[in-house]
Amino acid sequence: ASVIRHGLGSEMLGRFAPTLRHMTRVIWNTPLENYTHSTLGEIRGMKTHGEKRVRAILEVFHAIHVIIANMGFQDHLVVRIVPRAIDQVEQWIGTVLQSPGVPSREELFEHFVAPLLEQVRTDATQQIALLAENRLGISSPITSVRQAARSMGLTRARVYQLLNEINDIMTVRWPNGRHQVYELREKFVREAEHLDPAPDLEQFYAAVELFYPGSRRG
């Protein structure tokens, strides 16, 4: 009822899940409205909806309900519900896009790389999180796919699969992220040409390619 009343039916389940690790991938992009008119018994009776899947669905509805159940309406105001880490990054990007210059490597890490990496740690397996850290050079130099495959004991094909899972997570959690991230990247590329010495953007570029690659990998 809360979801219907506040017009959130078209939002995707995966966007509001506490963690995507506990939610079957096939329902990440399922709209909430697919369940709003069903009783709990009817949901449990749906094909492939076992206890684990039903629990994940209920977690999402409960989390939303807790926030909006007693929230009133104002015609001139609207409230957004987004993952906390994503909100932090979006606000920072909005500020940077309106400011001249290129942030330092430390600022880029604190306000862009670290929050998005934390989102991956929340939603992905430890193996995927480790791969993300390797590709971003968190505790060692940035590694190539070949180096990551060798150090993790995986084939390159498997590494590409895991990297694609990171993009899938970000697409669910932050649907508008690709546009905002590439707008930010274009600003930095444009302004870096006129700076001496050139800013250190290696890790930032690696993060853009990790979270929102130019094309499907592998």
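## The largest pocket

In the classes used here, Ala, Val, Leu, Ile, Met, Phe, Trp, Tyr, Cys and Pro count as nonpolar, Asp, Glu, Lys and Arg count as charged, and the others, Gly among them, count as polar. Sorted in this way, the lining of the largest pocket in this predicted model consists of ten nonpolar, three polar and three charged residues.

The volume of this pocket is about 370 Å³, and 16 residues line it. Those that lie nearest its centre are His 6, Met 71, Val 78, Val 79 and Arg 80. Of these, Met 71, Val 78 and Val 79 belong to the nonpolar class because Met and Val are counted there, while Arg 80 is charged and His 6 falls among the polar residues.

## A salt-bridge network involving helix 9

The count of salt bridges comes to twelve. One of them joins the side chains of Arg 25 and Glu 165, with an N to O distance of 3.3 Å. The two partners come from distant parts of the chain, 140 residues apart: Arg 25 is in the loop between helix 2 (13-16) and helix 3 (40-44), whereas Glu 165 is in helix 9, which spans residues 156-173. Arg 25 has a relative accessibility of 37% and therefore counts as partly exposed, and Glu 165, at 23%, likewise counts as partly exposed.

Asp 168, also placed in helix 9, is paired with Arg 216 from the segment after helix 11 (202-211), and here the separation along the chain is 48 residues. Their side chains meet in a salt bridge at 3.0 Å, N to O. Arg 216 is exposed, because its relative accessible area of 51% is over the 50% cut-off. Through salt bridges that share partners, Arg 25, Glu 165, Asp 168 and Arg 216 are joined into one network.

## A salt bridge within helix 6

Another salt bridge forms between the side chains of Glu 118 and Arg 121, at 3.2 Å from N to O. Both residues lie in helix 6 (residues 105-123), where they are three residues apart, about one turn of the helix. Each of the two is partly exposed, with a relative accessibility of 40% for Glu 118 and a relative accessible area of 30% for Arg 121.

## His 65 in helix 4

His 65 is located in helix 4, which covers residues 51-68, and its relative accessibility of 39% makes it partly exposed. Between the C-alpha atoms of His 65 and Leu 97 the separation is 34 Å, for a pair that stands 32 residues apart along the chain.

## Backbone geometry in two loops

Most residues other than glycine have a negative phi, and most peptide bonds are trans. Against that background, which two places in the backbone deserve a closer look?

At Thr 48, a residue other than glycine, phi is positive, with a value near 70°. Thr 48 belongs to the loop between helix 3 and helix 4, and with a relative accessibility of 53% it counts as exposed, because the cut-off for that class is over 50%.

The peptide bond from Asp 196 to Pro 197 is cis, and its omega is near 5°. Pro 197 is part of the loop between helix 10 (177-192) and helix 11.

Methods
Residues numbered from 1 in each chain as written. Predicted model: local features only at pLDDT ≥ 70, side-chain atom pairs only at ≥ 80, totals over all residues. Heavy atoms only, no water. Salt bridge = Lys/Arg side-chain N within 4 Å of Asp/Glu carboxyl O. Helix = DSSP H or I, 4+ residues; strand = E, 2+ residues; numbered from the N terminus. Buried < 20%, exposed > 50% of the residue type's maximum accessible area, 1.4 Å probe, protein only. 1 Å grid on protein atoms, 1.4 Å probe; cavity = no way out; pocket = protein on both sides within 12 Å on 5 of 7 lines; lining within 4 Å. Points joined across faces, edges and corners; volume = space filled by probe spheres on them.
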